[in-house]
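Hi,

Here is the model I promised to pass on. Have a look at it first, and my notes on what turned up follow underneath.

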Amino acid sequence: MIKAHILGYPRVGANRELKVALEAFWKSAPGEEARHEAALEQTARQLRETHWQKQIDAGLAFISVNDFSCYDHVLDHTVLFGATPPRFGFAGRPLQAQDYFALARGNAEQPALEMTKWFDTNYHYLVPELSAETEFSINAHAFLLQIDQALTTGAELKPVLLGPMSWLYLGKSRDAGFDRLILLPALCAQYAALLSELKLRGIAWVQIDEPVLALDLDARWLAAFADAYARIRDHRPKLLLTTYFESVARYVGAVTALPVDGLHIDLVRAPEQLAAWLAALPSHWVLSAGVVDGRNVWRNDLDKTLQLLQPVAQQLGDRLWIAPSCSLLHVPVSLAQELSVDNEIRSWLAFADEKLRELQLLQQALNHGVDSVAAEFQAARKAIASRGASPRVHNESVQQRLQHLPQLSAERSSPFAERRLAQQKRLRLPLLPTTTIGSFPQTADIRASRAAFRRGELSAEDYTLAMQQNIRHAIEQQLALDLDVLVHGEAERNDMVEYFGEQLAGYVFSQYGWVQSYGSRCVKPPIIYGDVHRPLAMTVAEARYAQSLTSKPVKGMLTGPVTMLQWSFVRDDQPRETTALQLALAIRDEVADLQQAGIAIIQIDEPAFREGLPLQQAKWAQYLAWAVRAFKLSASVAEDSTQIHTHMCYSEFNDILPSIAAMDADVITIETSRSAMELLDGFGEFDYPNDIGPGVYDIHSPRVPSVEAMTALLKRAIEVIPVERLWVNPDCGLKTRGWPETIAALQHMVAAARQLRHEKLNHKAA
Ligand SMILES: Nc1nc2c(c(=O)[nH]1)N[C@@H](CNc1ccc(C(=O)N[C@@H](CCC(=O)N[C@@H](CCC(=O)N[C@@H](CCC(=O)O)C(=O)O)C(=O)O)C(=O)O)cc1)CN2
Ligand code: MET
Ligand SMILES: [Zn+2]
């Protein structure tokens with residue numbers, strides 16, 4: 001029998017139960033912590049049970065265990081192997097809940113572990129902090145409790161572990177010259193101990209995830225793979241080595257030499273790798289074929305998938321397993337609640353639960369013939385045909401505009417030096433101008449107004465008035481702070497991508513389609529099903545209103561085409577590039593309208609620009625070419641005297657600086673404060689030509705940094721970037737912060753800018 005299984009199930013719950021329980025625990029009043037902690041533990045148990053039951057009901061061969069996490073699975077492994085950084089002082093004792101969350105979120109004494117993107121997804125993991133002092137000691141109590149809970153279901157378990165190579169590769173060290181691979185033997189000893197514990201409990205298979213195999217690995221790391229897996233060869237369950245997000249076929253020799261018992265490959269992202277693996281698969285291995293898209297929400301073309309699988313089943317027999325391409329962490333839970341998506345489009349979609357069902361049908365068809373599931377296959381066939389033929393997917397005027405695209409220049413009319421003069425004349429900004437990234441606190445009040453509006457309890461007029469009040473409040477606060485370039489604060493936006501998705505044609509959005517971004521924070525990626533265009537202006541009314549309140553410039557605020565693409569669920573029936581260009585044209589129209597309304601500065605955010613970079617370097621140039629062009633198409637309608645800003649966060653830019661320069665934004669604001677301005681060195685060395693605002697404080701923490709701390713960062717910045725081209729701003733938007741700490745931090749920021757301004761001017765005068 002061919003087995004079906006999944007690599008992981010979404011954690012947050014169909015109604016974000018985990019988010020609610022986490023935030024209640026974090027907010028516990030003194031004396032209430034124990035009660036909230038017990039409630040959190042109960043919610044977590046309940047969610048796991050629900051997820052397992054769904055897998056049992058779908059007839060999967062295993063239930064997936066340890067894919068759940070209360071915050072992040074990479075952090076869980078750091079804790080499991082006792083590798084918490086010494087600065088926290090947790091070594092050698094079992095961790096309490098507050099210790100675990102201190103690692104994730106920081107505490108009064110220590111900043112949190114660094115957070116960064118999980119490969120090319122919008123999920124963020126906590127980076128293992130490695131040094132020569134890193135020690136390991138197994139801390140498996142919580143892990144084994146989950147195993148024991150799962151054993152009570154009576155189902156076959158398949159625990160998931162992040163493999164030693166990936167855990168180590170994803171870690172970071174601040175010590176120059178430190179070689180992470182030195183830690184491998186000690187780390188593998190812990191894995192070996194854990195695996196033998198699992199064998200004692202009668203576990204047959206462990207899924208060991210090595211997603212770093214999707215990356216460009218050098219010979220040393222490949223050799224270390226062999227070493228690591230040799231160290232965990234004995235006294236263990238069988239291992240399914242699991243890869244996703246890219247082809248791993250170029251490592252076919254190295255991988256097939258590993259002492260494991262099977263391999264999972266992503267055949268949605270990289271179907272071309274199948275032949276190589278079929279040719280080389282060791283005769284005792286299973287091959288898990290990832291055929292249901294774990295990164296997107298489209299219904300599977302079951303006929304096509306079956307056609308792909310049938311010859312493989314002939315060749316491998318029971319050694320074929322079928323699965324989603326990757327963990328279902330990246331898709332929402334269930335379509336069952338999505339009653340507002342119209343029936344036609346709904347029939348084209350599959351969220352996690354529907355994907356479980358697709359696996360069940362495929363498994364059934366493989367094992368018992370397609371006739372045994374004829375009706376279900378027929379329904380899928382109908383939906384696929386309806387999507388393919390639907391006139392709603394195609395828009396004639398968008399198609400025509402795309403055809404004329406090659407003739408449309410993506411260049412601004414003048415070079416930066418000339419634009420700069422025109423903008424200086426219009427804006428009259430001081431040296432070291434101060435600004436913020438766009439959003440101000442999304443207060444409970446704002447969210448309650450929006451929720452009331454959605455439920456029909458607040459009229460459209462009253463909702464608009466409520467948002468105007470928030471905009472006015474944000475402008476008043478910024479005037480009191482004496483910032484130079486203001487923002488309207490984004491009160492009206494549920495999210496910087498979803499908000500635009502709701503207004504663009506070609507998009508639908510779900511009501512409950514939450515996907516975890518980090519910890520308790522979730523996003524509801526809107527879904528692009530057809531040609532994208534902008535029926536009406538999207539941001540002009542708010543921009544105009546905000547600008548009417550002050551004579552200082554207020555930035556118009558847009559999300560750029562690459563980020564819209566990256567943070568939406570996108571069409572799989574045309575290249576991403578084509579969708580990006582459609583988005584670019586829609587945003588270009590908005591830039592034109594903002595400019596027409598007298599807005600002098602327009603920011604086009606591209607925080608996901610780096611995240612969209614392909615995992616394998618050979619594919620970079622092609623991506624960068626269209627991504628840069630998409631951004632420039634959206635910006636190039638701006639006249640010389642309209643200043644274009646962009647913003648990027650969490651990014652390791654240094655390897656793509658030429659492309660960032662090629663975007664030719666007049667000003668870029670970037671995250672730098674956590675990495676102590678190291679990032680900026682790259683910009684300095686590369687001689688980045690335009691204006692830069694390096695973030696001078698970390699907005700992810702409620703801590704209010706001192707004026708001195710910010711002055712020191714700015715002084716470092718001045719050493720690498722000419723002061724005339726520097727801006728002063730926080731790292732990112734302030735929507736997750738509260739007002740008191742926001743005002744306090746911005747007061748310090750303005751004071752720091754002022755102090756340096758005076759020093760520079762006096763220096764010049766002297
Ligand atoms: N798409 C996206 N990706 C991103 C970012 C981003 O801003 N957007 N930033 C980076 C970091 N990631 C982040 C992801 C999410 C959030 C975030 O704040 N998410 C909010 C949800 C935002 C939202 O959609 N809010 C909606 C719905 C709010 C809500 O939960 N409403 C309640 C009712 C609330 C009430 O009555 O008061 C409900 O519907 O039940 C709104 O404002 O309308 C959360 O999880 O809490 C922040 C950063 C990288 N990736
Ligand atoms: C994740 S980047 C955020 C940019 C957006 N303008 C904001 O301030 O929130
Ligand atoms: Zn940002």
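Let me begin with the ligands, keeping in mind that this is a predicted model. Ligand 1 has 18 residues around it, and R447, A451, N494, S517 and V523 are the ones that come nearest. Two elements, α17 (444-454) and β16 (521-523), give two or more residues each to that shell. Which of the elements gives the most to the shell around ligand 1? That would be α17, with five residues. Sorted by class, the shell around ligand 1 holds eight nonpolar, five polar and five charged residues.

Ligand 2 has 13 residues around it, with I437, G438, S439, P607 and G733 coming nearest. The class split for the ligand 2 shell is six nonpolar, four polar and three charged.

Now for the annotation. UniProt, in an unreviewed entry, puts the feature "binding site" at I437, G438, S439, E490 and D605. These residues span 169 residues in sequence, but no two of their C-alpha atoms are more than 12.9 Å apart, so they gather at one spot. I437, G438 and S439 from that record also turn up among the residues that come nearest to ligand 2.

I went through three of the annotated positions one by one:

- G438 sits in the loop between α16 (416-427) and α17. G438 counts as buried because it has 24 C-beta neighbours inside 10 Å, where 20 or more is what it takes. Setting aside neighbours within four places in sequence, the contacts of G438 are V487, E490, M557, Q603, D605 and G733. That list includes E490 and D605, which the UniProt record also names.

- E490 is found in the loop between β13 (486-487) and α19 (498-503). With 26 other C-beta atoms within 10 Å, E490 is buried too. Leaving out residues up to four places away in sequence, E490 touches G438, S439, M557 and K735.

- D605 belongs to strand β19 (residues 601-605). Is D605 buried or exposed? Buried, because 25 C-beta neighbours lie inside 10 Å. Beyond its neighbours within four places in sequence, D605 is in contact with G438, M496, L558, T559, G560, T563, T646 and H647.

One of those D605 contacts, T646, leads on to the strands. T646 stands opposite I668 in β21. Strand β20 (residues 643-648) and β21 run parallel and are joined by four bridges. Together with helix α24 (residues 657-663), β20 and β21 make a β-α-β unit, and a right-handed one.

On its other pairing, β21 is joined by four bridges to strand β22 (residues 691-694), and those two run parallel as well. Here I670 stands opposite P694 in β22.

How do the residues of β21 (residues 667-670) point? V667 and T669 go one way, I668 and I670 go the other way, and all are buried. That fits the general pattern, in which side chains in a regular strand alternate between the two faces of the sheet.

If you only have a few minutes, I'd start at G438: it is annotated in the UniProt record, it comes among the nearest to ligand 2, and it is in contact with both E490 and D605. From D605 you can step across to T646, and from T646 to I668 in β21.

Cheers

Key:
Residues are numbered from 1 along each chain as its sequence is written. Chains are lettered from A and ligands numbered from 1 in the order in which they are written. This is a predicted model: local features need pLDDT of at least 70, side-chain atom pairs count only at pLDDT 80 or more; totals for chains, interfaces and linings use all residues. A residue is near a molecule or strand if its C-beta atom, placed from the backbone, lies within 6 Å of it. Ala, Val, Leu, Ile, Met, Phe, Trp, Tyr, Cys and Pro count as nonpolar, Asp, Glu, Lys and Arg as charged, and the others, Gly among them, as polar. A residue is buried if 20 or more other C-beta atoms lie within 10 Å of its own, exposed if 12 or fewer, and partly exposed in between; C-beta atoms are placed from the backbone. Two strands pair if DSSP finds at least two bridges between them. A crossover is right-handed if, with the strands pointing away from the viewer, the path from the first strand over the helix to the second runs clockwise. UniProt positions are given in the numbering used here, feature names are shortened, and annotations may be inferred rather than shown by experiment. Two residues are in contact if their C-beta atoms, placed from the backbone, lie within 7 Å.
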